[in-house]
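Good morning, everyone, and thank you for making time for this. I would like to walk you through one protein chain, slowly enough that you can follow each step on the screen.

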Amino acid sequence: MPEPRLPGAELHLLDDAPMVGDGGARVIHHITWDRNASATAPQDLVPFDNLLGYFTGAGAGMAPHLLVDPFTGRIAQFFSANSRAKAVVNAAGGVETNRKGNVCIQIEWLFFPYCRVGGKVYATLADTPMRGLDRVMAWLRSWGVPDVWPMGAPTWSANRNAQTWNTRSGHYGHSQVPENDHTDPGPMPNIFQQEETVTPDDIKAIAAAAAEAVWNRPVKIPRMQPDGSIKYEGPQGAEWPLIWGNVFAKQSEQRDADLKAAVVTLQGTVTALAALIGKGGGAAGMTPEQVEAAVLSGVAKALARAAAAVK
Ligand SMILES: [Zn+2]
């Protein structure tokens with residue numbers, strides 16, 4: 001069986017449940033569309049950790065398999081590949097949606113039209129660097145998803161055909177899924193033939209993501225139980241986001257366990273970085289020394305903050 005978890009993804013697994021199993025491998029693309037901006041009134045992109053908190057908290061009932069930041073390539077995973085996700089509507093009767101086929105992998109791209117990142121405004125996903133796409137596509141292909149849009153590449157207009165959906169494997173937009181009324185993800189770039197060029201900015205973004213993966217990780221907090229015992233409970237509601245260094249997390253076994261998990265996440269990110277560097281036969285325009293320095297600065301930052309947290 002292919003790998004149920006995308007290599008290098010941060011794992012925040014919810015309740016896996018089986019597919020219908022009636023054949024076919026599909027993907028549904030979404031954008032998080034969490035703000036309404038416009039060309040004349042752009043807004044800053046919402047932080048990745050906000051969405052991570054949402055899909056592991058109040059929004060768990062609408063969680064996809066993957067949350068992907070197309071600007072940094074950071075990826076979080078909420079369900080195994082061969083589980084159903086929950087990000088589309090399934091009406092009574094009609095066709096199956098979330099559970100359709102053997103796999104139906106749903107991806108939320110962290111994006112809304114006219115979001116602003118680093119001072120630049122992006123109208124559609126097609127305008128973004130789509131970092132992380134190559135890792136996502138390799139994983140989707142390993143699950144047998146063919147490089148095809150059975151309903152055509154998505155636009156902002158809904159276009160749904162229940163028979164096509166029921167009989168054809170491939171990539172769909174939320175705008176192309178029967179029984180649904182959302183029109184995301186809007187235009188996407190050619191996801192089947194991406195020219196991957198590694199730039200110094202790519203390296204810096206991944207190194208920064210490595211640091212953030214360690215530092216901005218939710219921790220569990222100790223709570224005294226009626227019988228006097230201590231129970232560690234995860235962040236939810238107003239307690240989000242708790243991060244390393246939170247005083248309530250000091251001197252706890254749970255904190256140590258979470259630190260180990262954070263290091264695993266860091267290792268996954270570094271693995272992804274190594275894969276990215278290996279793909280192009282070397283980072284374009286950078287010497288090996290420059291690549292190493294960029295990576296080490298991110299890792300050193302992560303480790304320094306983690307060390308401060310456990311003092
Ligand atoms: Zn959607």
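I will begin with the model as a whole, then go through the sheets, the cores, the helices and one loop residue.

Please keep in mind from the start that this is a predicted model. The mean pLDDT of the protein chain is 83, and 70% of its residues reach 70 or more. Over residues 236-249, however, the pLDDT is below 50, although this stretch still has 31 contacts in the model beyond near neighbours in sequence. Where pLDDT is low, the predicted coordinates should not be read in detail.

With that caution in place, we can count the elements: the protein chain has six helices and 11 strands. Of its 311 residues, 38% count as buried. If we take the contacts with a separation of 6 or more, 74% of them come from residues 24 or more positions apart.

Let us turn to the sheets. Strands of a sheet pair through backbone hydrogen bonds, either parallel or antiparallel. One open sheet has six strands in the order β1-β5-β4-β6-β2-β9, and its pairing is mixed. At its edges are β1, residues 10-11, and β9, each of which pairs on one side only.

Within this sheet I would like to stay with β2 for a moment. Strand β2 runs from residue 25 to residue 31, and six of its seven residues are buried, so the rest of the structure largely encloses it. On one hand, seven bridges join β2 to β6, residues 103-109, and these two strands run parallel; here Val27 stands opposite Ile105. On the other hand, four bridges join β2 to β9, residues 170-173, and this pair also runs parallel. In β9, Gly170 is the bridge partner of Arg26, and Gly173 is the bridge partner of His29.

There is also an open sheet of three strands, in the order β3-β7-β8, again with mixed pairing. Its edge strands are β3, residues 43-44, and β8, residues 120-122, each pairing on one side only. Strand β7, residues 115-117, is joined to β8 by three bridges, and these strands run antiparallel. For an example of such a bridge, you can look at Val117, whose partner in β8 is Lys120.

Now to the interior. Which residues touch the most other members of the largest nonpolar core? They are Leu66 and Val68, in a core of 43 residues. The elements that give two or more residues to this core are β2, α1, β4, β5, β6 and α2, and β6 gives the most, with five residues. Leaving aside residues up to four places away in sequence, Val68 touches Ile75, Ile107, Trp109, Leu110, Gly132 and Val136. Apart from this core lies another, of seven residues, among them Ile203, Ile206, Ala207 and Leu266.

Two helices deserve a closer look. In α1, the residues Phe48, Leu52, Gly53 and Phe55 are buried, and the buried residues of α1 pack against β4 and β5. In α2, the buried residues are Leu133, Arg135, Val136, Trp139 and Leu140. Seen down the axis of α2, these buried residues fall within an arc of 165°, so they line one face of the helix. If you wonder how residues spread along a helix can share a face, recall that an α-helix has 3.6 residues a turn, so residues three or four places apart point the same way. After α2 comes Gly144, whose phi is positive, near 85°.

Finally, let us look at a single loop residue, Asn82, which sits between β5 and β6. Is Asn82 buried or partly exposed? It has 17 C-beta neighbours inside 10 Å, and because 20 or more would be needed to call it buried, Asn82 counts as partly exposed. Apart from residues up to four places away in sequence, Asn82 touches Pro4, Met19 and Val103. Its C-alpha atom is separated by 7.0 Å from that of Asn102, although these two residues are 20 residues apart along the chain.

That is the tour I wanted to give, and I am happy to go back to any part of it.

How values were computed:
Residues are numbered from 1 along each chain as its sequence is written. This is a predicted model: local features need pLDDT of at least 70, side-chain atom pairs count only at pLDDT 80 or more; totals for chains, interfaces and linings use all residues. A residue is buried if 20 or more other C-beta atoms lie within 10 Å of its own, exposed if 12 or fewer, and partly exposed in between; C-beta atoms are placed from the backbone. Two strands pair if DSSP finds at least two bridges between them. A nonpolar core is a set of buried Ala, Val, Leu, Ile, Met, Phe, Trp, Tyr and Cys residues joined through C-beta atoms within 7 Å. Two residues are in contact if their C-beta atoms, placed from the backbone, lie within 7 Å. The arc is that of the directions from the helix axis to the C-beta atoms. pLDDT is the predictor's confidence in each residue, from 0 to 100.
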